[in-house]
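This report looks at one helix, then at the domains, the core and the chain contact. The structure comes first.

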Amino acid sequence: MEIFGVPSALFGSQLLIGLINGSFYAILSLGLAIIFGLLNIINFAHGAQYMMGAFVAWIALTKFGVNYWVALLLSPLLVGALGVLLERTMLRKLYKLDHLYGLLLTFGLALIFEGIFRDQYGISGQSYEVPELLQGGVNLGFMFMPIYRGWVVVAALAVCFGTWFMIEKTKLGAYLRAGTENPQIVQALGINVPLLITFTYGYGVALAAFAGVLAAPVYQVNPQMGSNLIIVVFAVVVIGGMGSIMGSILTGLGLGLIEGLTRVFYPPASAVVVFFIMVIVLLVRPAGLFGKAA
Amino acid sequence: MHKKLLTAACAAALALVAGAAQAQISGNVVKVGVLTDMSGTYSDLAGQGTVVATQMAIDDFVAQEKPAFKVEMISADHQNKADIASNKAREWFEREGVDVATELVTTSTALAVMKVAKEMNRVTLMSGPGSTAITNEQCNDLTVHYTYDTYAMANGTARAVTKQGGKTWFFLTADYAFGHSLEKDSSAVVTASGGKVVGSVRHPFPASDFSSFLLQAQASGAQIIGLANAGADTTNAIKQAAEFGITPKQQLAGLLMFISDVHSLGLKNAQSMYLTTGFYWDLNDETRAWSKRFFDKQKRMPTMVQAGQYSSVLHYLKAVKAAGTDEAQKVMAQMKKTPVNDFFAKNGQIRDDGRMVHDMYLVQVKKPEESKYPWDYYHVRQTIPAAEAFQPLSESRCPLVKK
């Protein structure tokens, strides 16, 4: 059977792969969206923080024998803690200024982080093995599905929807949302807003690191792994609507699918299809698919 | 009469002195410029390692040959950008007194610099770039393409793999000039060796997820998936091919791989692959001795680009000494007439098109259990003689080649 001249088995497998890549986009764009939504900072260091998440997992395994499952928790904590430090010492001073300052600062930080890792570990990257429990794959009939990739989808979706739930449905999330709307009043009600904001940035960064650990067994762990991805992820956030939590999750998944299909029908366009969509969305709905018009 | 003779003698003597002065070395210093990728995609296979190799060549030359002139080195990061490379080279030639531009990984930078060097009458030695355009359409008489080119790589790997029964090929090609040329060269070799190319897919450069493209390669049913890409694209594709169970049912052939790629992939992922290389550190006592010295300084075994860099700089410096001048044309003539004989090449010869031809090696990556010590990565399966390894002069598109 064929769909538009493409064998249906290939079609099905490309959809599945699109979903897997979409999970990475979703979790990364979610972190960016949270940080932008609550801090008004365009976090250009997000790709570098994703890369550091992967490297921390690799260093933990090779130098200290810490396994994948522990790293999945440890790495986001460590990189998130670094995020907290950055927020406290640098980003904090920029909230009142134009977006551009935050963007420049985080961009500079990204270059520094990448440079440090490149200097220490070279450019070719390191291999991180798939954990034993998730090795191998299952034959789905239309494709051979590596178990690990299935795990990536499950883990990424669980974390994404967990985060959405926390922000939209819990009291803590309500404080967060209120804090960004009107910090003075929330502060006056006895809630420590600066602490909330620090926590938020740390959490956004930890999400990037979590995605990094998920990616480590799939891609070579190398200092530039984040910079290749971050531009696409920014486009995802813009398409979904800056600051929209659910928007960034759904857009991430959707664009992963569209990109996957482009790779079958017209591979040379697969690198630009996301940006093409971004242009159209910006023309038709400048606030993004899920964004509120300013 | 006597007076006339005396005048003539004086004039002759003067002419001789002037000639000697011309033949001398400018400023009594020979300056070697290393222009390479110090921080980007190619910084592991070239980069700082080529700077170290150049310094080793200079130190060895001074110790062995005790020249009457001084030798200095200068290096810079061209960031894989042609405009930066050509501006830097011009600055070096005009203001820094650089005699020779070397290394130049990334073809676009190489093509830009060789033009500037020709214009300023300086020599260019290339170890890192791959394109055959350097010794064909773009060739000039002051450039040496030293270590390898895409023709030699494709020729070695594609021919050997096809002859060993890998008759049907599918190419995974990086979608830019280098990938296209690698695919074209390899396809020609596959067909000429009795194989068949059943399809290809072009992926964006750079890419990180290859699963979509790999599944298309899988669906093609080809025995061999040829990787017409380089660096991180190649390593990611290899890793993901194993993940999706594509290897070992179908085999991969890396058309441009370096030992730094194998090192970063690990033997588990790279095992059993065929690749072609111009140098392997563990070939013989001579290569081991030099490579250990390199390792002590750089903490990594040399790639062929780094070993070739040493060899080319040493060959150049010896030619300067033998010619007694750093004038580009004379040094080139000396380099071309002297065969290269060192740990890197035996009876290597620089042809009229600027191609240095030497033996290449077809190697197969060892299985993890076959590797006995660090960096013990390759079985050398075949030595490809210099005459067969590179594009024959009869096919040359370089105007300097007289047919």
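Helix α6 of chain B covers residues 177-192 in this predicted model. Does its length fit its residue count, or what span should its 16 residues give? At 1.5 Å a residue, the expected span is 22 Å, and the end C-alpha atoms are 23 Å apart, so the two agree.

Many positions in α6(B) are buried, among them B:F178, B:L182, B:V189 and B:V190. Polar and charged names also appear in the buried set, including B:S181, B:E183, B:D185, B:S186 and B:S187. An α-helix has 3.6 residues a turn, so residues three or four places apart point the same way. The cover over the buried residues of α6(B) includes two helices, α4 and α5, and three strands, β6, β7 and β8, of chain B. After α6(B) comes B:G194, with a positive phi near 95 degrees.

The covering elements are listed here.

| Element of chain B | Residues |
|---|---|
| α4 | 107-119 |
| α5 | 150-163 |
| β6 | 168-174 |
| β7 | 196-203 |
| β8 | 224-228 |

Next, the domains. Chain B is assigned two: domain 1 is 29-148 + 284-353, and domain 2 is 151-277 + 360-384. Their C-alpha centres lie 28 Å apart. Domain 1 of chain B puts 12 residues into the contact, and domain 2 of chain B puts in 13 residues. On the domain 1 side, 5 residues are nonpolar, 6 are polar and 1 is charged.

Now the core. The largest nonpolar core holds 213 residues. Which residues touch the most other members? They are A:I27 and B:V113. Helix α1 of chain A, residues 8-39, gives the most to this core, with 17 residues. Both domains of chain B also give residues to this core, so it lies between them. In soluble globular proteins, nonpolar side chains tend to be buried together.

B:V113 has contacts beyond four places in sequence. Its partners there are B:L35, B:A85, B:S86, B:A89, B:A101, B:L104 and B:T124.

Last, the contact between chains. On chain A, 30 residues are in contact with 32 residues of chain B. Elements giving two or more residues to the chain A side are α1, β4 (144-146), α9 (225-240) and α10 (245-265). The largest share, 5 residues, comes from α1(A). By class, the chain A side divides into 14 nonpolar, 14 polar and 2 charged residues.

How values were computed. Residues numbered from 1 in each chain as written. Chains lettered and ligands numbered in written order. Predicted model: local features only at pLDDT ≥ 70, side-chain atom pairs only at ≥ 80, totals over all residues. Domains from an automatic or database assignment. Contact = placed C-beta atoms within 7 Å. Core = buried A, V, L, I, M, F, W, Y, C linked by C-beta atoms within 7 Å. Buried ≥ 20, exposed ≤ 12 C-beta atoms within 10 Å, placed from the backbone. Helix = DSSP H or I, 4+ residues; strand = E, 2+ residues; numbered from the N terminus. Expected span 1.5 Å × (residues − 1).
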